[in-house]
Each structure stands twice: as structure tokens, then as C-alpha cells.
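Hello,

Here is the structure I promised to pass on. Please have a look at it first, and then read my notes below.

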Amino acid sequence: MTQTHDPKSRTVFLLAHTGRPAAIRSAELVVQGLLRCGIGVRVLAAEASDLPLPPEVDLVDEAAPGSLDSCELLIVLGGDGTLLRGAEFARASGVPMLGVNLGRVGFLAEAERDDLDKVVDRVVTRSYEVEERMTVDVSVHTNGDVVHRDWALNEAAVQKDSAERMLEVVLEVDGRPVTGFGCDGIVCATPTGSTAYAFSAGGPVVWPEVEALLMVPISAHALFAKPLVTSPDSVLAVEVQPGTPVGVLWCDGRRTMELPPGARVEVRRGAVPVRLARLHHANFTDRLVAKFALPVAGWRGAPV
């Protein structure tokens, strides 16, 4: 590849899990490839000391609100946790995120570590498309007042905070009660999150182009404790019952808040989506089969 672009005209932000040797080496390859093709690279100053970066790389303070200003793309190298961290940057800035999986499953990732040359080439030639993924907005109410607001790309999970006792909850959809029971928790997920925590809890796999909200019980003690799939315009609510132990709210497994007895958690479609960069038109079915190594031997396909 030859240099064909002014490095000041195009900039890519790079976010990496610097605690992994594979991420450090991958970051080095990506940075070298982009700079060689005349594309500027920006990284967080807090990560710079862990990465072998040339002096022309732009360093920014992690706390700066406009750290992705003028960047056309956010490349994230790491596992699911790093990708969700990148999603926080992507959502706040509106910049598309391109994930390179260095972990295990990595459903949010578009490429694997062996695809780094392809990633650089596609970025240089702008050979990628951008799709929007639905998020959820989360509000916590106590005594009728909103005391906390958050959001999630995968899920908002209400869980017990103690191993000794179950969390007693009542579930609500669109202002009407559905059922109540003791449980370890409730996962309120997006279609993107259907292959994350909700999947581990026994929820359905939902294709990302399907707009819906999911409510999946975790180890519920009840005859009716089935996963629920609702309209994307529904409002889901989990009420933590008085007299029950303290609960905890987790958003994407990254941000947490204690839920006192009597707290109410409302989950609705997010006002701001996360934008993901896609390198190819891989069918979600094929992605599902590949990620979970599903047995499809013997499939013959539809008659021609």
C-alpha cells in the first residue's frame, strides 16, 4: 500500500486492552499500517506508555469530552469488555466503532486478530458500512423520584447483591404487572445483548435487525418465569419489593448502582444508538454458527 492521503485530513482513534500482549502487538501493526497509508492515529494518553507508538501518534486525555472530535472511526482491539468500553466512546461521539476480537466469542467485533491487514486496508479505502444498533435507556426510581439514569447496549440487569437470599421482584410491561417471584435477577436486553448475558440466562437469540426488548429471569422460583420479548416501544419495569435484600443494577456489566428495597427500574428504547462499522455482509446466521461452532454438517440447503 502506498501513501495517498494527507495524515491531517483523516484520523482514526485506537482503543486497546493494553493488559494483553496480543492487543499490544495488534495495536502496533494497526498503527504502523494506518500511518504508512497517511492516516493519522489518536490514542488515550493513559494507554500510550503501554504501547510501542511512534512520535507522530496524537495523544489525548481520557477525560477530554471531545477526544474523538474529527475522528472518522474508532477501532477497538480486545475482548467483549473492551468493546463495551469502546461503545461508550462511540455512543457519546456518534463515531462508528470497528471491533477486532482478541477475546473468546466477541459478537460485537467485526474482525478477528488474523484480519488486521484487511482491517487496515478497508479503513484506508473506506470499504466499510455503518449500521446502528439499538440501545436502552435506564432510570431508577425511589419514592417516586428519579435518582439515577443510565444506558446500555447489551443489557440492564437487576440482580441480588447477596448469595444468601433471593431478590423478590414484580415485572411490569407497559404499565401493567405481569408476574412476581423470587430470583437471582432479571436481564432487560436489546437484540444485540441477546447473545450476551441474556443468552447465558436462557433467553432467546434475536437477530439484530429485529427491533425488540427482552426480559429474561435468572434462576426464578416460579412456574411462570419465561423470557419475554416485547415491542421496541414498550416500557419494561422491575420493582424490587419492600422487605427484600438490597439489589444491584448493572448496565453492560460495567456501570453499577445499589438498589434499595422498593426501588423501581424502568427500561425503554434508547434515544441514542451505537454505530458499528461493518466490513462485510456476513449473514447473522453464519456469524452465530461460527461464533458458537454449531454443528451444521449434513445441511443440503433448499432445493434449487
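**Aromatic rings and pockets**

Phe-284 is buried, with a relative accessible area of 11% (buried means under 20%, exposed over 50% and partly exposed in between, with a 1.4 Å probe and protein chains only). Before going further: this is a predicted model, where local features need pLDDT of at least 70, side-chain atom pairs count only at pLDDT 80 or more, and totals for chains, interfaces and linings use all residues. Residues are numbered from 1 along each chain as its sequence is written, and side-chain values use heavy atoms, with hydrogens and water left out.

The ring of Phe-284 pairs with that of Trp-207: the centres are 4.9 Å apart and the planes at 70 degrees, so the pair is edge-to-face. (Rings of Phe, Tyr and Trp, the last by its six-membered ring, pair if their centres lie within 6.5 Å; planes under 30 degrees apart are stacked, over 60 edge-to-face and the rest tilted.) Trp-207 sits in the loop between helix 5 (197-200) and strand 14 (213-218), while Phe-284 is in helix 6, 77 residues apart. (Helices, H or I with at least four residues, and strands, E with at least two, are DSSP runs numbered from the N terminus.) Trp-207 is partly exposed at 29%.

The model has five aromatic pairs. Another of them joins Phe-107 and Phe-292, tilted at 45 degrees with 5.4 Å from centre to centre. Those two are 185 residues apart, with Phe-292 in helix 6 (residues 284-292). Phe-107 is buried at 10% relative accessibility, whereas Phe-292 is partly exposed at 28%. Ring pairs link Phe-107, Phe-199, Trp-207, Phe-284 and Phe-292 into a cluster.

Now the pockets. (On a 1 Å grid over the protein atoms alone, a pocket is an open set of points where a 1.4 Å probe fits, with protein on both sides within 12 Å along at least five of seven lines; lining residues have an atom within 4 Å of a point.) The largest has a volume of about 550 Å³ (the space filled by probe spheres set on the points, which are joined across faces, edges and corners). Its lining has 29 residues, and Glu-131, Glu-132, Arg-133, Pro-208 and Glu-209 lie nearest the centre. Strand 7 gives the largest share of that lining, five residues.

The second largest pocket holds about 220 Å³. Among the residues closest to its centre is Phe-107, which also belongs to the ring cluster.

Best wishes
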